[in-house]
Amino acid sequence: MHRSDEQDPLWDPKLPANAELHRLQVLLAPYAASRRPALRSLPVRPGRLRWWLWPMRGLAVAAALMLTLWSLHAYRVYWPEGEAWPLLSAHAQHSLAPGERLQTGSGETAQVQVARIGQMHIAANSVVRLIQSRSGQHRVELESGRVHARVWAPPGHFGISSGALRVVDLGCEFTLERGADGSGSLAVQSGWVQQYLGGQKQLVPAGHALKFTADSVDAPLRFDATPAMRSAVSELNQALRTSGDADLHERLASAVAVAARDEDQYTLMNLLLRAPALAGGALYPRLAQALKVPDDDTEHRAAWQRADAAAIEIWWKRLPSQPKRWWTHWRDAF
Amino acid sequence: MYRRYLPLVHGLLLARFRPAIADELTQECFAVAFQRLGQLRDATCFGAWIASIARHLRSPDHAHEVAMDEHFDVVDRTTDPLRHAEAAHVLAVIRSLPDAYAETLALRLIEGLSGPEIAQMTGLTPESVRVNLHRGMQKLRESLGAAGESNAPI
């Protein structure tokens with residue numbers, strides 16, 4: 001220790017200071033850190049994120065986004081059982097509850113909210129009845145008239161029956177029309193629908209329409225199918241329903257193959273699914289050409305004629321759009 | 001840690017910058033130090049290490065906007081404005097001294113640290129601190145025109 005430590009107030013502030021030192025200390029005291037308000041809290045500076053934290057932050061953002069989307073989706077598809085659907089347009093009725101009918105008069109339309117998964121536009125002179133409504137299961141019956149539905153939900157949530165015909169939404173937009181005699185039409189504007197009649201069922205993709213009667217359904221045709229194609233398919237449909245003449249079927253199928261364009265591939269596939277035996281004729285190579293696959297695979301052709309599911313699946317996967325990708329039609333959500 | 005070394009960092013910065021800028025750079029210094037804490041090998045050298053960071057800090061770009069006038073840097077505005085002016089003048093004189101003297105005087109006269117505390121925190125030897133204190137005080141007196149007032153040890 002220094003000899004003068006005990007007497008040096010400049011060294012030890014606890015010692016009494018002389019006048020000059022005391023004056024300087026008092027004068028400068030306001031500048032001390034303990035007197036500066038800005039220094040009372042810990043420093044906060046938005047530091048640069050460490051490089052290895054970037055992926056974690058990305059994951060956190062992705063997780064938050066996924067959680068948000070999942071929550072929105074869960075909210076969208078949830079609907080209390082038996083709760084009525086609100087009407088979005090002016091009408092004598094304000095809502096449509098399970099068991100209730102909604103009827104529109106001449107020149108009158110109605111717009112109904114389908115739970116939280118979509119909307120349904122009911123044309124003039126139509127009668128619809130809400131059969132059931134709960135999360136994942138919303139069913140309507142079209143007794144007569146025309147309904148246009150736009151639904152964005154997982155497959156099977158929404159369906160319309162029309163006599164013996166049932167149409168189940170696979171995440172799509174479609175129009176269903178039914179006349180007084182039970183015949184009508186179905187047109188799919190977006191996505192896919194699954195259509196049932198009796199023990200038969202078929203998928204109908206966007207851009208296709210079909211006609212049905214009280215007990216039969218035609219093959220779907222493209223909206224822009226040529227008159228020749230429409231006529232050929234209609235004749236083949238009729239023959240398949242009413243005649244067991246295989247030669248007649250084959251002749252009419254050949255006419256369809258001649259009238260078909262490559263874009264009609266789904267109609268060709270539908271006809272070959274309805275009557276797999278037709279794969280022995282002109283429809284098989286025409287569909288192969290449309291799908292750009294070889295038509296000389298005799299094993300595959302024979303398997304198709306036996307309605308072999310694996311053989312059908314190979315060509316089915318060649319179709320440009322697939323029914324299980326309902327979420328790709330996200331625009332229908334708005 | 002912040003409270004303990006705050007007077008050291010602030011005092012060192014007051015020896016170079018106006019108070020408002022010193023306040024801002026004090027925060028900056030600790031933010032940098034906490035970010036680089038992993039680089040400190042010996043925890044007992046924290047004082048010397050953070051002092052080194054403080055000495056390398058530069059005036060912020062907007063320094064001219066932060067404190068155009070030394071008078072505005074004084075916290076307590078209830079006292080005599082003349083005293084504020086005098087304090088600002090003494091502080092400016094301290095800043096004009098060589099760094100070794102200015103730093104030691106700022107730590108002692110403004111922050112109230114003792115000689116041993118200054119030595120321990122900065123890593124300087126007590127002898128160096130003592131020399132800097134007394135020579136710095138002498139220079140301050142001369143600059144303030146009070147050199148002949150007293151020859152007695154303060």
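This tour goes through chain A and then chain B, one selection at a time.

The model is predicted: local features need pLDDT of at least 70, side-chain atom pairs count only at pLDDT 80 or more, and totals for chains, interfaces and linings use all residues. Residues are numbered from 1 along each chain as its sequence is written, chains are lettered from A and ligands numbered from 1 in the order in which they are written, and side-chain values use heavy atoms, with hydrogens and water left out.

**Chain A, whole**

Select chain A and colour by secondary structure. There are 8 helices and 15 strands. Helices (H or I, at least four residues) and strands (E, at least two) are DSSP runs, numbered from the N terminus. Of the 334 residues in chain A, 44% are buried. Buried means under 20% relative accessible area, exposed over 50%, and partly exposed in between, with a 1.4 Å probe and protein chains only.

Turn on the surface. The accessible area of chain A is about 17,500 Å², and 56% of this belongs to carbon and sulfur atoms. Areas come from the Shrake-Rupley method with a 1.4 Å probe; for residues, only the protein chains shown count as cover. Among contacts in chain A with a separation of 6 or more, 46% are between residues 24 or more positions apart. A contact means heavy atoms within 4.5 Å.

**Helices α3, α4 and α5 of chain A**

Select residues 227–242 of chain A, helix α3. Add α4(A), residues 246–259. The axes of α3(A) and α4(A) come within 9 Å and cross at roughly 160°. That makes α3(A) roughly antiparallel to α4(A). Axes are lines fitted to C-alpha atoms, for helices over the stretch in contact, and angles run from 0 to 180 degrees between N-to-C directions. Angles under 35 degrees count as roughly parallel, over 145 as roughly antiparallel, 65 to 115 as roughly perpendicular and the rest as oblique.

The crossing of α3(A) and α4(A) is left-handed. A crossing is left-handed if the near helix is turned anticlockwise from the far one by less than a right angle, and right-handed if clockwise.

Show side chains. On α3(A), the contact residues include Ala232(A), Leu236(A) and Leu240(A). On α4(A), they include Leu252(A), Ala253(A) and Val256(A). By class, the contact of α3(A) with α4(A) has 13 nonpolar, 1 polar and 1 charged residues. Ala, Val, Leu, Ile, Met, Phe, Trp, Tyr, Cys and Pro count as nonpolar, Asp, Glu, Lys and Arg as charged, and the others, Gly among them, as polar.

Now add residues 265–274, helix α5(A). Helices α3(A) and α5(A) pack at about 10°, with axes 12 Å apart. That makes α3(A) roughly parallel to α5(A). Met229(A), Val233(A), Leu236(A) and Asn237(A) of α3(A) meet Thr267(A), Leu268(A), Leu271(A) and Arg274(A) of α5(A). This contact of α3(A) with α5(A) has 5 nonpolar, 2 polar and 1 charged residues.

**Two loops of chain A**

Most residues other than glycine have a negative phi. Go to Ala115(A), where phi is near 45°, a positive value. Ala115(A) lies in the loop between β4 (110–114) and β5 (118–122). Its relative accessibility is 1%, so Ala115(A) counts as buried.

Next, Asn125(A). Its phi is positive too, at about 55°. Asn125(A) sits in the loop between β5 and β6 (127–134). At 48% relative accessibility, Asn125(A) counts as partly exposed.

**Arg166(A)**

Select Arg166(A), in strand β9 (residues 165–169). Which residue, 30 places apart along the chain, has its C-alpha atom 5.0 Å from that of Arg166(A)? It is Tyr196(A). Not counting residues up to four places away in sequence, Arg166(A) touches Ile160(A), Ser161(A), Gln194(A), Gln195(A) and Tyr196(A).

**Chain B**

Select α2(B), residues 19–35, and α3(B), residues 46–56. Their axes come within 10 Å and cross at roughly 125°. Helices α2(B) and α3(B) are therefore oblique to each other. The crossing is right-handed. Cys29(B), Phe30(B), Val32(B) and Ala33(B) meet Trp49(B), Ile50(B), Ile53(B) and Ala54(B). The residues of this contact are 8 nonpolar, no polar and no charged.

Move to α7(B), residues 115–122, where Gly115(B), Ile118(B), Ala119(B), Met121(B) and Thr122(B) are buried. These buried residues pack against α1 (2–14), α3, α6 (99–110) and α8 (126–144) of chain B. Just after α7(B), Gly123(B) has a positive phi of about 85°.

Finish at Ala106(B), in helix α6 of chain B. Ala106(B) is buried, at 1% relative accessible area. The C-alpha atoms of Ala106(B) and Gly11(B) are 5.3 Å apart, with their positions 95 residues apart along the chain.
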